[in-house]
Amino acid sequence: MPVLLAVLALVVIFLAVILIRAALFRPRLNKHEGPFEEISLDNEKIVSDMAEMIRCKTVSHRDHSLEDKGEFEKFQKLLIERFPLIHEKSELRHIGRNGLLYHIKGKSSDKPSVCMAHYDVVPIEEELWTKPAFDGLIEDGFIWGRGTLDTKGTLCGLMEALEKLLSEGYIPENDLYLSFSGEEEIDGDSCADIVSYLGEKGISPAIVVDEGGAVVDNVFPGVKKRCALIGIAEKGGLNLDFSIRSSGGHSSTPPADPVTAKVAKAICRLQKKPFRRHLSKAAAEMFDTLGRHSSFALRIIFANLWCFLPLLDLIASKMGGELNAMVRTTAAVTKLSGSSAYNVLPPKAGFGVNMRLMEGDSIEDAKNYIRRVTKEKDAEITVVSGTEASPCSDTDNPEWKKLTSAIGETWPEAIVSPYLMMACSDSRNYCDISDRVYRFSAMYLSKEERGMIHGNDERISIDTLVKTAEFYVRLLKKL
């Protein structure tokens, strides 16, 4: 009896600790309460500039012979024409194939800042677009075209903000750099070349701001409020080819265990055995921030991850999607290959897998994991391309506060939170010279709009574009 009472007492204490921690796991005070400075902008100019940017067909290709170099030069000349004060007040360097680096001298060079964007865009399937992709069509409050969201929209907003401030006599507190690449979509070297140049000059940015998270709805379990997500780290990217060879032959006499069956079994094994969970610093900070705004039932979990992390892992693995990708390296089979004829057994069959690497899982770890889980000792596993996961940026510094303040003043209804970025961006190059690299696409994006990035009918609302410029006015004043 005493033992039973002791066990019951421990259970009660355990439940009390869990519930008390959940009850105390409340949202932190909102420090971004207004009123805020009204930002006056020339909306007609912004719309006109954006439309002209879209009319430059800066489509990048890994095969450079497919690119129209004249369109990239046209875009660069457009910037000179549309933003004369920036070009008068700054030093512009052309770096790499088509990298642009603007330097605006500040009152001090102690804490330089970098604002990034890219002006190349991905190809289109013209027949799938409702409106022309490169006409810069303005209709019903929207500007249509490839690159409006990714990322000519943020580039335009940044340039509009800086041009306006310079017209008012603005001198940044610290040196300001604008870093634009024309080959981000093809993992080109222009951004890396820019970083190498800055590194050789001994320049270590106090803050770097690039594309990444955005202002979004319904992205976290139990949170109904709008969220502004800042990527403080990004997962690595890896493309692998997995193949098994056989003797081939005629399909009329198939072997008992054909090579295609071996490949299918390998895929099933990979699907059934996901990577181990790993709670990175970026994911932990996101859970700690947004979990406080969740329902009480979910706050029990997020306030007590020391106890419920295995449960969260189980929920994430069953749900899949973004929550699952937040806690582990993912592997998605995206390509299959076999015979080119129905009546021929393939001499080689296989699949291609795209992996997103969590901090702590290297390219070599992932390759070994694929071999171990698929249990095919004779398989050929080839790394096609890959980048390691980025380090996680610091969030306890004045620059982080400046960024979150500018976001809070522009979107006061949003919860500002760190975020683990799933995609890869040019900003990873800056991790070599700065530990404050933040990935934030300064615009509100609905689920439908997020689906337009790299998709069909990409477009941006004029209100969103103007709000992007407002954000950069606020940010640049703080840097």
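**Exercise 1. Which side chains meet in a salt bridge at 3.9 Å, N to O?**

Solution. Keep in mind that this is a predicted model. The side chains to pick are those of D435 and R436. The cut-off for a salt bridge is 4 Å from a Lys or Arg side-chain nitrogen to an Asp or Glu carboxyl oxygen, and this pair comes in at 3.9 Å. Now check D435 for exposure: its relative accessibility is 48%, so D435 counts as partly exposed.

**Exercise 2. Take the salt bridges E380–R245 and D361–R276, and work out where the partners sit and how exposed they are.**

Solution.
- Start with E380 and R245: their closest N and O atoms are 2.8 Å apart. E380 belongs to strand 14 (residues 380-387) and R245 to strand 9 (residues 236-245), so the bridge ties together distant parts of the chain, 135 residues apart.
- Next, accessibility. E380 has 32% and is partly exposed, while R245, at 52%, counts as exposed.
- Then D361 and R276, with 3.1 Å between the closest N and O atoms. Both are in loops: D361 between strand 13 (348-357) and helix 12 (363-374), R276 between helix 7 (259-272) and helix 8 (281-290). The two are 85 residues apart.
- Here D361 is buried at 7%, and R276 is partly exposed at 47%.

For context, the structure has 34 salt bridges; K45, D49, R82 and E160 are joined in a network of them.

**Exercise 3. Check the length of helix 3 (residues 69-82), then find which way it faces.**

Solution.
- Length: at 1.5 Å a residue, its 14 residues should span 20 Å, and the end C-alpha atoms are indeed 20 Å apart.
- Buried residues: these are E71, F72, F75, Q76, L78 and L79. They cover an arc of only 150° around the axis, which means they share one side of helix 3.
- A handy reminder: an α-helix has 3.6 residues a turn, so residues three or four places apart point the same way.
- The other side: K69, K77 and E81 are exposed there.
- Partners: the buried residues pack against helix 2, helix 4, strand 1, strand 2 and helix 5.
- Start of the helix: a side-chain oxygen of D68 gets to within 3.0 Å of the backbone nitrogen of G70.

**Exercise 4. Place F180 and M116 in their surroundings.**

Solution. F180 is among the residues with the most contacts inside the largest nonpolar core, which has 98 residues. Helix 15 (residues 462-478) gives the most to this core, 9 residues. Leaving aside close sequence neighbours (within four places), F180 contacts residues including L100, M116 and L158. M116 lies in strand 3 and is buried at 4%. Its own contacts include F180, V208 and Y430.

Terms used
Residues numbered from 1 in each chain as written. Predicted model: local features only at pLDDT ≥ 70, side-chain atom pairs only at ≥ 80, totals over all residues. Heavy atoms only, no water. Helix = DSSP H or I, 4+ residues; strand = E, 2+ residues; numbered from the N terminus. Expected span 1.5 Å × (residues − 1). Buried < 20%, exposed > 50% of the residue type's maximum accessible area, 1.4 Å probe, protein only. Arc of directions from axis to C-beta. Contact = heavy atoms within 4.5 Å. Polar contact = N/O pair within 3.5 Å; in protein donor to acceptor, adjacent residues only side chain to side chain. Core = buried A, V, L, I, M, F, W, Y, C linked by side-chain atoms within 4.5 Å.
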